[in-house]
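This report introduces one protein structure to a reader who has not met it before. It takes up open space, nonpolar cores, one helix and one strand residue in turn.

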Amino acid sequence: RRPKFHLYHPDVAILSGIAWDHINVFPTFDNYVEQFDIFCSLISKSFIYNTEDEEVNKLGQKFKDQIIAIPYSTPQYEVTESGTTIHFEGKSYQLQIFGQHNLQNLMGAMRVGVEMGISATDFLTAIQSFKGAGKRLQKIKETNDFVMFKDFAHSPSKLKATTKAVKEQYANRKVVACMELHTFSSLKKEFLPHYKDAMKAADHAIVYFNHEVVKHKKLEPITEQQVFDGFNGG
């Protein structure tokens, strides 16, 4: 078994983070990381990598003598009422998106743009009108005292980043985070401990799962207590 991205053979590629998932295909973390190592060996020109992700940074250091390795990280930023102000090369840009994870991805995308011939200034100027990707911290309801976001974050690292981002953006509000366990990995009892403190930033955390879905996926049953313990409480 192998991931589909081994078929890409890219000239330019970016890795933003590595967090174990799809454990039904890649049974160990080392086996999972190995797939990204193989992917990096297939890049012909430039490898853009997030230095703030431990595993990705290791690959950047490993391959920097073989291909052009371009690091990136979270820019200097300030939380604003409408989103985020970032500072880059002496200029400030007002963005409509927020959260450290999104800002990391933004800088990675900027580096890809530069490799394609788009200047960093042009990229950051244009991205100011970007409201975010669908189902990725997508705002679906807002009133004077209430905001609701829809997000597809299901892996532990993404769930943690999303919850942290919302609390940072709305520090003076009560954050209620609701998450549904629905993937093969998330419903496997051995994987649940990886969710430890993933929703710690929320004031109230609610986790939902359906016993019928677990049964349908032919997995060993899990209990409410196992989920509670896996998340280290609610």
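A pocket is here an open set of grid points, on a 1 Å grid over the protein atoms alone, with protein on both sides within 12 Å along at least five of seven lines. The model under discussion is a predicted one. Its second largest pocket holds about 890 Å³ of space. This pocket is lined by 27 residues, and those closest to its centre are F149, K150, V176, A177 and C178. Two or more lining residues come from each of β8, α5 and β9; β9 has the largest share, with five residues. The table divides the lining by class.

| Class in the lining of the second largest pocket | Number of residues |
|---|---|
| Nonpolar | 17 residues |
| Polar | three residues |
| Charged | seven residues |

The nonpolar cores come next. In soluble globular proteins, nonpolar side chains tend to be buried together. The largest nonpolar core of this model has 43 residues, of which L15, F47, L59, L181, Y195 and F231 touch the most other members. At least two residues of this core are supplied by each of β1 (12-15), α1 (29-41), β2 (46-50), α2 (54-63), β8 (147-150), α5 (156-169) and β9 (176-180). The greatest contribution, five residues, is that of α1. Beyond its neighbours within four places in sequence, F47 is in contact with A13, L15, C40, L59, G60, I67, I68, A69 and I70. There is also a second, separate core, which has 17 residues, including I86, L103, F123 and L124.

Helix α5 merits a closer look. How far apart are the end C-alpha atoms of α5? They are 20 Å apart, which agrees with the span expected because 14 residues at 1.5 Å a residue should cover 20 Å. The buried residues of α5 are P156, L159, A161, T162, T163, A165, V166, K167 and Q169. Among the elements that cover these buried residues are β4 (76-79), β5 (84-88), α3 (100-115) and β9.

The final subject is K139, which lies in strand β7 (residues 138-142). Is K139 buried, partly exposed or exposed? Its relative accessibility is 43%, so K139 counts as partly exposed, since that class lies between the cut-offs of 20% and 50%. Apart from residues up to four places away in sequence, K139 touches V147, M148 and F149. K139 and K150 stand 11 residues apart in sequence, with their C-alpha atoms 6.4 Å apart in space. K150 also belongs to the residues closest to the centre of the second largest pocket, as does F149.

Definitions and conventions. Residues are numbered from 1 along each chain as its sequence is written. This is a predicted model: local features need pLDDT of at least 70, side-chain atom pairs count only at pLDDT 80 or more; totals for chains, interfaces and linings use all residues. Side-chain values use heavy atoms; hydrogens and water are left out. A nonpolar core is a set of buried Ala, Val, Leu, Ile, Met, Phe, Trp, Tyr and Cys residues joined through side-chain atoms within 4.5 Å. Buried means under 20% relative accessible area, exposed over 50%, partly exposed in between (1.4 Å probe, protein chains only). Helices (H or I, at least four residues) and strands (E, at least two) are DSSP runs, numbered from the N terminus. Contact means heavy atoms within 4.5 Å. The expected span of a helix is 1.5 Å times one less than its number of residues. On a 1 Å grid over the protein atoms alone, a cavity is a set of points where a 1.4 Å probe fits but cannot get out, and a pocket is an open set with protein on both sides within 12 Å along at least five of seven lines; lining residues have an atom within 4 Å of a point. Grid points are joined across faces, edges and corners, and a volume is the space filled by probe spheres set on the points. Ala, Val, Leu, Ile, Met, Phe, Trp, Tyr, Cys and Pro count as nonpolar, Asp, Glu, Lys and Arg as charged, and the others, Gly among them, as polar.
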